[in-house]
Amino acid sequence: MGSADPPEPVEALAAGVRAGSRAAVARALNLVEDRRAQSRPRIAELLRALGGGKPDGHRVGFTGPPGVGKSTLVSALGGELRRRGSTVGVLAVDPSSKRSGGALLGDRVRIETRPEDEGLFVRSLATAGELGGLARAAPASVLVLAAAFDRVLVETVGVGQSETDVEYVVDTVVFVVQPGSGDALQFLKAGIMEVPDVLVVTKADLGRVAQRAMADLQAAVRALGSRETPVVAVSCVAPPQGIEALVDALECHRAGLDLTARRLASRRRHALADFATEHGERGVRALGGRRAAERWLGEQAPGLDVPALVQGLQEQATEG
Ligand SMILES: Nc1nc2c(ncn2[C@@H]2O[C@H](COP(=O)(O)OP(=O)(O)OP(=O)(O)O)[C@@H](O)[C@H]2O)c(=O)[nH]1
Ligand SMILES: [Mg+2]
């Protein structure tokens, strides 16, 4: 759009997104990724307009160490979900700043989209050196995609707490590992990582080493008392294995969720995490400690978004 064109009315943009138009989704994502101060009111207006719509898409986050096969898996899942008749939006959060050589945007998601299929949309987002595995625009981008598509798949690199903040913006957290690394096992055992909703072992075609990884993870999950957590082995090389089982596990997790309650709890934990990142332990102490902060958050109106909650915490900290 040239600079002479008047800006597109937000209502029209929101309607296009809700109708699942890929062109409208692309424009909406450009808007929410725009960091200029002058764009903030339009971004807020768009998110408000999208908020009150139909029940929106299931948001699934895929996190795990670099190179384990997350993009390949997301691509295969996208295909299976399309076959089952769901529309799919993919957000690949690219921590390009953490990689030497900085892979080109879009390079790391090899997902084929067909021009004639309006039901599959893929977007990459750079994290540009920010804390955590998620870019600042990611929560808003996820909202846009969830308003447009039945299923939203978010890929981000991460092991351990500071990088798994994808958990705050998705309904289902999938941790992806490859055979033979032992990373997830150690993080789980050391309590560095919370038990995810679903565990995936990729590259099941590698055979014994994959079976071993499955068995180890299942044992660790049981030892931690999370009997319900499915561990699924998948292979994305022909013949594909486990993709249908994984889709079933995701659908099953969603069916058991109280989405409203989970999203409310996530917003509150997200706000506290953002506050703690910004103000450190001293800031948390000024709130009377973590427990007191959680209690205060629990008393706030359910409709408040993360920035509003963070601002409330800041006010509490200066009063206290
Ligand atoms: N043998 C085998 N190789 C796989 C499988 N899935 C992915 N790979 C390979 O693993 C490598 C990494 O795959 P990606 O999907 O890019 O991994 P990723 O986790 O998205 O990587 P980053 O985004 O860079 O962290 C590629 O060379 C894939 O071809 C699988 O099921 N079996
Ligand atoms: Mg990838």
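Are Ser 71 and Glu 155 buried or exposed? Both are buried. The exercises below build on that start. The model is predicted.

**Exercise 1. The magnesium site**

Task: Find which protein atoms serve as donors to the magnesium ion (ligand 2), and where they sit in the chain.

Solution:
- Step 1. List the donors. They are OG of Ser 71 and OE of Glu 155.
- Step 2. Read the distances. The donors lie 2.1 to 2.2 Å from the ion.
- Step 3. Place each residue. Ser 71 belongs to helix H4, residues 70-83. Glu 155 belongs to strand E4, residues 151-157.
- Step 4. Check the separation in sequence. The two residues are 84 apart, and the pair links distant parts of the chain.

**Exercise 2. The chain as a whole**

Task: Describe the protein chain by its helices and strands, its buried share and its contacts.

Solution:
- Step 1. Count the elements. There are eleven helices and seven strands.
- Step 2. Take the buried share. Of 320 residues, 49% count as buried.
- Step 3. Look at contacts between residues at least 6 apart in sequence. Of these, 74% join residues at least 24 apart.

**Exercise 3. Helix H1 against helix H3**

Task: Work out how H1 and H3 are oriented to each other, and which residues make their contact.

Solution:
- Step 1. Locate the helices. H1 covers residues 10-18 and H3 covers residues 40-51.
- Step 2. Read the geometry. Their axes come within 9 Å and cross at roughly 45 degrees.
- Step 3. Classify the angle. Roughly parallel needs an angle under 35 degrees, and roughly perpendicular runs from 65 to 115. H1 and H3 are therefore oblique to each other.
- Step 4. Add the hand. The crossing is right-handed.
- Step 5. Name the contact residues. H1 supplies Val 10, Glu 11, Leu 13, Ala 14, Val 17 and Arg 18. H3 supplies Arg 42, Glu 45, Leu 46, Ala 49 and Leu 50.
- Step 6. Sort them. Seven are nonpolar, none is polar and four are charged.

**Exercise 4. Helix H2 against helix H3**

Task: Repeat the analysis for H2 and H3.

Solution:
- Step 1. Read the geometry. The axes come within 9 Å and cross at roughly 130 degrees.
- Step 2. Classify the angle. Roughly antiparallel needs an angle over 145 degrees, and roughly perpendicular ends at 115. So H2 is oblique to H3.
- Step 3. Add the hand. This crossing is left-handed.
- Step 4. Name the contact residues. From H2 come Ala 28, Leu 31 and Val 32. From H3 come Arg 42, Ile 43, Leu 46 and Leu 47.
- Step 5. Sort them. Six are nonpolar, none is polar and one is charged.

**Exercise 5. Three buried residues**

Task: For Arg 22, Val 200 and Gly 64, give the accessibility and some neighbours.

Solution:
- Step 1. Recall the cut-off. Buried means under 20% relative accessible area.
- Step 2. Take Arg 22, in helix H2, residues 22-33. Its relative accessibility is 15%, so Arg 22 counts as buried. Beyond its sequence neighbours up to four places away, Arg 22 touches residues including Asp 117, Glu 118, Phe 121 and Phe 149.
- Step 3. Take Val 200, in strand E6, residues 198-201. Its relative accessibility is 0%, so Val 200 counts as buried. Among the residues that Val 200 touches are Leu 73, Val 176, Val 232 and Leu 246. The C-alpha atoms of Val 200 and Val 231 are 5.7 Å apart, although 31 residues separate them along the chain.
- Step 4. Take Gly 64, in strand E1, residues 58-64. At 0% relative accessibility, Gly 64 is buried too. Gly 64 touches residues including Lys 70, Thr 156 and Phe 175.
- Step 5. Return to Glu 155, one of the magnesium donors. Gly 64 and Glu 155 are 91 residues apart in sequence, with C-alpha atoms 8.9 Å apart.

**Exercise 6. Backbone exceptions**

Task: Explain what stands out in the backbone at Pro 239 and Lys 203.

Solution:
- Step 1. Start from the rule. Most residues other than glycine have a negative phi, and most peptide bonds are trans.
- Step 2. Check Pro 239. The peptide bond from Ala 238 to Pro 239 is cis, with omega near -5 degrees. Pro 239 lies in the loop between strand E7 and helix H8.
- Step 3. Check Lys 203. Its phi is positive, about 55 degrees, and Lys 203 is not a glycine. Lys 203 sits in the loop between E6 and helix H7.
- Step 4. Add its exposure. With 29% relative accessibility, Lys 203 counts as partly exposed.

Notes. Residues are numbered from 1 along each chain as its sequence is written. Chains are lettered from A and ligands numbered from 1 in the order in which they are written. This is a predicted model: local features need pLDDT of at least 70, side-chain atom pairs count only at pLDDT 80 or more; totals for chains, interfaces and linings use all residues. Side-chain values use heavy atoms; hydrogens and water are left out. Axes are lines fitted to C-alpha atoms, for helices over the stretch in contact, and angles run from 0 to 180 degrees between N-to-C directions. Helices (H or I, at least four residues) and strands (E, at least two) are DSSP runs, numbered from the N terminus. A crossing is left-handed if the near helix is turned anticlockwise from the far one by less than a right angle, and right-handed if clockwise. Contact means heavy atoms within 4.5 Å. Ala, Val, Leu, Ile, Met, Phe, Trp, Tyr, Cys and Pro count as nonpolar, Asp, Glu, Lys and Arg as charged, and the others, Gly among them, as polar. Donors are N, O and S atoms within 2.8 Å of the metal (3.2 Å for Na, K and Ca); water is not among the atoms, so sites may look incomplete. Buried means under 20% relative accessible area, exposed over 50%, partly exposed in between (1.4 Å probe, protein chains only).
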